[in-house]
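Visitor: Could you walk me through this one? I'd like the overall picture before we get into details.
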Amino acid sequence: MSAALSFDLTSEELDVFLEDVNDYLQMLETGILDLERKGDPETLQSLFRAAHTLKALAGMVGHRPMAELTHALETLFDDLRQARLSSTSIVADELLATVDTLKTLRDEVINQQVSGLDITGLLQGLEQLRAGEAEKEETPTSLSQLTAAELTQ
């Protein structure tokens, strides 16, 4: 049986929280898919803002794992914005897995039950991406990052 969680929210505050969280999770999911296709600065900026706001919302209700995971996500988006990391399908897959995990953490707020989800491995995976370990395994997926020679092959 899962342990109970308690968040200091009225039912109205919970409704607003969930509406906002759902909107930002959808923005992240859509933005990550767009990023994988085109990787433009506007998309990256939007993803960074969505992660930043989601982190603040999680912190506001006291959901530490959700805040910690969105902080790692926000940092990774900043690395992408600053061109310290390239967008690859490996990066996109890890980002989408993170969004799926955030949905499970959101459900903890809804159900007020611990899901038993351990985010440690995901946090480590995001950190490895930031360190460039996974990036060496694959070439960038954005057409804007491919050279003319690569496009004609």
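Guide: This is a predicted model, and of the 153 residues of the protein chain, 37% count as buried.

Visitor: And how many helices and strands are there in the chain?
Guide: The protein chain has 6 helices and 0 strands, so that its pattern, read along the sequence, is α-α-α-α-α-α.

Visitor: What about contacts between residues far apart in sequence?
Guide: If one takes the contacts between residues at least 6 apart in sequence, 74% of them join residues at least 24 apart.

Visitor: Let's turn to α2. Which of its residues are buried?
Guide: The buried residues of α2 are Thr 43, Leu 44, Leu 47, Phe 48, Ala 50, Ala 51, Leu 54, Leu 57, Ala 58 and Val 61. As background to that spacing, an α-helix has 3.6 residues a turn, so residues three or four places apart point the same way.

Visitor: What covers them?
Guide: The cover over the buried residues of α2 includes α1 (11–37), α3 (64–81) and α4 (89–111).

Visitor: Does the length of that helix add up?
Guide: Helix α2 runs over residues 41–61, and because each residue should contribute 1.5 Å, its 21 residues should span 30 Å, which agrees with the 31 Å between its end C-alpha atoms.

Visitor: What happens at the two ends?
Guide: At the N-terminal end of α2, Asp 40 acts as a cap, with a side-chain oxygen 3.2 Å from the backbone nitrogen of Glu 42, while just after α2 Gly 62 takes a positive phi of about 85°.

Visitor: Last topic, the surface: how much does the chain expose?
Guide: The protein chain exposes about 8,400 Å², of which carbon and sulfur atoms supply 50%.

Notes. Residues are numbered from 1 along each chain as its sequence is written. This is a predicted model: local features need pLDDT of at least 70, side-chain atom pairs count only at pLDDT 80 or more; totals for chains, interfaces and linings use all residues. Side-chain values use heavy atoms; hydrogens and water are left out. Helices (H or I, at least four residues) and strands (E, at least two) are DSSP runs, numbered from the N terminus. The expected span of a helix is 1.5 Å times one less than its number of residues. Buried means under 20% relative accessible area, exposed over 50%, partly exposed in between (1.4 Å probe, protein chains only). Contact means heavy atoms within 4.5 Å. A polar contact is a pair of N or O atoms within 3.5 Å; within protein, one must be able to donate a hydrogen and the other to accept it, and residues adjacent in sequence count only if both atoms are side-chain atoms. Accessible areas come from the Shrake-Rupley method with a 1.4 Å probe; for residues, only the protein chains shown count as cover.
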